[in-house]
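Please keep the viewer open beside this text and make each selection as it is named. The tour goes from annotated stretches of the chain to an enclosed space, and then to single helices and residues.

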Amino acid sequence: MPKRVDHAQRRTEITEALVRVAGRRGLHAVGMRDVAAEAGVSLRLVQYYFETKEKLLLFGLDHLTQRFGERVAARIAAVGDAPGPRATIEALLLSALPTDDESRTFHFLYTSYAVLAMTDEALAAQPFIANPDAAEEAVAGLLRQGQEADLVAPGLDARGEAIGLLAMSAGLGTSILVGQRDAESATGVLRLHLDRIFGAG
């Protein structure tokens, strides 16, 4: 009896191979043949599941986003049963900082996707900004919760502050990657701004 293939698992294995090799060499330098070698499968099999490099890259982006969501959820769960808006925002922002191998790979590759989307028509045609928009809305919603609970000043521009916090987190993450500052310093900057926001309520 022929062995049954779990196609979803096979796609995940190939995608994780993409993440590993791209984390070492950069997305721009990775071809489907490199991914096949990393995964220990044939190039034909990678092409069977993804057809083109662009489709493989997009699946990889979705995979990274899913893993980041799991990382945030685990960090929030570690805070407690009812963490509140400030602790939830802090968990989300700190999860994005490149403080270990997994988060460094995530930040490096997610930034690489953004750069590639500027010059690759196939990637640029995809809804690349949907996930950052969702993050902005989530943080803005948490800030509004803070306003309703009198933890945040009622006149605060929740959307504007959410955009600023996420942009700051992304910039601080890059500064850690290039060695400009360490994770402790970046964490302190984020907490300083959260203190400003939640100390005004």
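How much of the chain over residues 31-50 is helix, and how much is strand? Select that stretch in this predicted model: the chain there is 80% helix and 0% strand, with the end C-alpha atoms 12 Å apart. The stretch carries a label from a record, since UniProt, in an unreviewed entry, places the feature "DNA-binding region" at residues 31-50.

Next, widen the selection to residues 8-68, which UniProt lists, again in an unreviewed entry, for "domain: HTH tetR-type". This span is 82% helix and 0% strand, and its end C-alpha atoms lie 19 Å apart.

**The cavity**

Now turn to the enclosed space, for which a search of the whole structure finds one cavity of 30 Å³ or more. The largest cavity has a volume of about 60 Å³, and to display its lining you can select Leu64, Arg67, Phe68, Arg71, Ser95, Glu102, Ser103 and Phe106. Colouring by element then brings out helix H4 (53-79) and helix H6 (101-117), the elements that give two or more residues to this lining. H4 gives the most, with four residues. If you colour by residue class instead, the lining of the largest cavity divides into three nonpolar, two polar and three charged residues.

**Ser112 in helix H6**

Stay with helix H6 and select Ser112, which has its place in that helix. Is Ser112 buried or exposed? Ser112 counts as buried because its relative accessibility is 15%, and the cut-off for that class is under 20%. Add Phe108 to the selection and look at the backbone oxygen of Phe108, which lies 2.8 Å from a polar atom of the side chain of Ser112.

**Helix H9**

Finally, select residues 158-177, which form helix H9 with its 20 residues. From the first C-alpha to the last, H9 reaches 29 Å, close to the 28 Å expected at 1.5 Å a residue. Which residues of H9 are buried? Show the side chains of Ala158, Glu161, Ala162, Leu165, Leu166, Met168, Ser169, Leu172, Gly173, Ser175 and Ile176, which are buried in H9; the list includes Glu161 as well as Leu165 and Leu166. To end the tour, move along the chain to Gly179, which follows H9 and whose phi is positive, near 85 degrees.

Key:
Residues are numbered from 1 along each chain as its sequence is written. This is a predicted model: local features need pLDDT of at least 70, side-chain atom pairs count only at pLDDT 80 or more; totals for chains, interfaces and linings use all residues. Side-chain values use heavy atoms; hydrogens and water are left out. The expected span of a helix is 1.5 Å times one less than its number of residues. Buried means under 20% relative accessible area, exposed over 50%, partly exposed in between (1.4 Å probe, protein chains only). On a 1 Å grid over the protein atoms alone, a cavity is a set of points where a 1.4 Å probe fits but cannot get out, and a pocket is an open set with protein on both sides within 12 Å along at least five of seven lines; lining residues have an atom within 4 Å of a point. Grid points are joined across faces, edges and corners, and a volume is the space filled by probe spheres set on the points. Ala, Val, Leu, Ile, Met, Phe, Trp, Tyr, Cys and Pro count as nonpolar, Asp, Glu, Lys and Arg as charged, and the others, Gly among them, as polar. UniProt positions are given in the numbering used here, feature names are shortened, and annotations may be inferred rather than shown by experiment. A polar contact is a pair of N or O atoms within 3.5 Å; within protein, one must be able to donate a hydrogen and the other to accept it, and residues adjacent in sequence count only if both atoms are side-chain atoms.
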